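Me: Could you take a close look at one part of this model for me, the place where two chains meet? I'd like one connected walk through it.

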Amino acid sequence: MSDSSSRVRQVIALVDVSSMYVSCERVFQPKLADRPVVVLSNNDGCVVARSREAKDIGIPMGEPWFRVRANPKWRSTIARSSNYELYGDMSARMVQVLEGFTPHVEVYSIDECFLRLPAEPGSALATAARIWERMAIWIGLPVQIGIGLTKTLAKTAQHHAKANPELGGRCDLTGWAPAAVDEVLASLPVSDVWGIGGRLTARLAPLGIHSTLDLARADPRQMRRLFSVVVERTVRELRGVQCIEFEPAPPVRRELMHGRMLGQPVTSWAEMSEVISVYAQTAARRLRRHRLQAGSVTVSMSTSPFRSGPDRHGTRTLALPIPTDSPVEIVRVALRAGQIAYAAGYSYIRAMVMLTDLAPAGSQPHLWADPDRPDDPIPTLIDRINHRHGHGLIGYGAAGLRRHRPWSMRREMLSPHYTTRWDQLLDVTA
Amino acid sequence: MWVRWALSAVPAGFPSPAQDYDTDPVDLVRALVPNPAATFVCRVSGHSMVGAGIYDGDELLVDRSLPVVDGRIVVAVLADGEFTVKRFRRNPSGVVLESEHPDYPPITIRDSESRIWGVVRTVIHHV
């Protein structure tokens with residue numbers, strides 16, 4: 001089904017680090033190799049990363065750590081708290097390595113990058129082999145590389161490489177005969193397709209669409225009518241037509257958010273309003289650091305899919321009366337949005353404040369803004385005090401209290417920050 | 001750090017054409033870390049390498065992209081997962097990790113390629 005046009009100049013490669021968080025830990029703790037290892041979410045709650053060995057003994061993604069610890073089947077499992085500082089640094093190194101091969105690198109997530117490579121026969125696969133080797137030697141991270149005519153096909157190729165270790169961590173579908181490509185698509189369930197989640201999979205099944213090949217053969221216009229333009233694009237991409245943009249340069253920030261899993265479930269508005277107040281101030285601080293102002297605030301909160309009890313996902317967006325970077329205004333509007341989104345009787349474990357409609361600070365003063373009003377000095381003063389004396393020392397309302405709140409992060413099995421702190425460097429014995 | 005370099009003798013009355021190019025401060029990182037993505041900093045505990053000028057408490061700039069060649073100082077991983085800094089020696093009978101101190105014997109290792117973590121480029125010793 002794929003378009004084998006010889007006029008194609010470039011192909012897309014997806015470089016994906018296998019079990020990124022675990023792999024990062026293993027670079028500095030080689031004893032973790034070949035053993036079941038899991039990395040836990042914020043506050044050591046749930047499994048967010050598993051080594052292949054942990055997967056093989058049946059530990060599901062998202063399993064709460066207290067359950068893993070208690071199960072005799074999984075006694076040999078080693079856990080680590082999420083070391084975002086380390087993973088972020090290793091990810092930045094990956095991007096540097098990839099940029100050594102081509103300037104056309106799009107950072108998709110902490111462990112995935114898309115690259116554009118020349119389409120000469122065999123060239124992309126040879127480059128993939130060198131990328132694989134350099135990632136392994138220079139940084140120590142194992143990767144899978146999938147190559148296709150589109151991003152969606154590159155992802156498919158990467159899945160195929162992952163499922164077939166004999167391919168050596170790379171797969172270039174553009175070099176394959178269409179029948180062979182179809183075979184790969186037929187072997188992958190539609191739920192594996194980029195952008196197709198559990199709900200869509202369930203809705204596609206009654207239409208007889210179970211495999212990736214089924215979806216590639218679907219009528220794009222019908223898919224658009226029944227589902228969305230996003231699904232239509234996916235179908236076209238599976239057929240080799242690029243519809244999803246390649247964005248090597250990060251777009252001007254469109255939104256800025258601060259969200260976390262909460263250390264303990266929040267079950268009252270009193271607690272939730274504290275959370276929102278702190279998160280809104282953190283987001284506002286980052287806004288100021290980037291010299292931006294926001295036009296609207298979105299607050300959302302959700303319950304845990306893993307605990308019993310009713311599900312709830314509440315969200316509300318409110319516009320700020322005047323685009324601003326003032327923490328007072330942002331907290332005020334965030335609290336109002338949160339109050340609307342909040343419903344009593346649920347046990348929330350995640351909350352987020354997102355600022356959108358961003359523009360450079362001071363731009364386009366509102367029609368009703370008073371140009372003679374002096375800039376509020378207090379937010380800058382608070383930023384300076386916090387910067388000099390410690391993050392979170394003072395703030396507005398609840399954020400000004402430095403006592404440890406039950407919902408702030410717990411990280412009891414944290415590895416050293418080997419690459420970001422001078423006092424936590426890797427120890428080497430002489 | 002600001003260091004001015006005179007690139008050539010400057011005759012009075014005639015400005016050096018290179019004058020515009022020597023005003024950047026010395027960039028330590030650029031000079032010492034040519035490959036940042038592959039360079040990691042480690043800290044030394046122990047005395048087995050004093051003969052090579054590596055002392056307890058020193059930092060090492062380890063470059064994983066450098067080739068592992070006979071005679072280079074490397075960071076290696078031992079069987080128990082411990083990291084060690086030693087001189088890499090390859091001879092016809094195999095690979096040996098040598099210390100630079102009479103009290104520390106050499107270590108013979110098998111499967112050398114997977115054991116070498118990186119090559120030491122620079123040692124930082126604080127006096």
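Reply: Let's call it a contact when heavy atoms lie within 4.5 Å. On that footing, 23 residues of chain A touch 30 residues of chain B. Keep in mind that this is a predicted model, where local features need pLDDT of at least 70 and side-chain atom pairs count only at pLDDT 80 or more, while totals for chains, interfaces and linings use all residues. Residues are numbered from 1 along each chain as its sequence is written, chains are lettered from A in the order in which they are written, and side-chain values use heavy atoms, with hydrogens and water left out.

Now the area: the two chains bury about 2,200 Å² between them, 58% of it from carbon and sulfur atoms (accessible area, 1.4 Å probe, lost on putting the two parts together, summed over both). On chain A's side, A:Trp138, A:Val428 and A:Ala430 lose the most, together 33% of what that side buries.

Which elements of chain A give two or more residues to this side? They're helices H1 (20-28), H4 (84-99) and H5 (123-139), plus strand S14 (426-429); helices (H or I, at least four residues) and strands (E, at least two) are DSSP runs, numbered from the N terminus. By type, the chain A side splits into 15 nonpolar, four polar and four charged residues, with Ala, Val, Leu, Ile, Met, Phe, Trp, Tyr, Cys and Pro taken as nonpolar, Asp, Glu, Lys and Arg as charged, and the others, Gly among them, as polar.

S14 of chain A also pairs across the interface: four bridges join it, in parallel, to strand S1 (residues 39-45) of chain B (pairing takes at least two DSSP bridges). There, A:Asp427 stands opposite B:Arg43. Still, the salt-bridge rule (a side-chain nitrogen of Lys or Arg within 4 Å of a carboxyl oxygen of Asp or Glu) finds zero across this interface.
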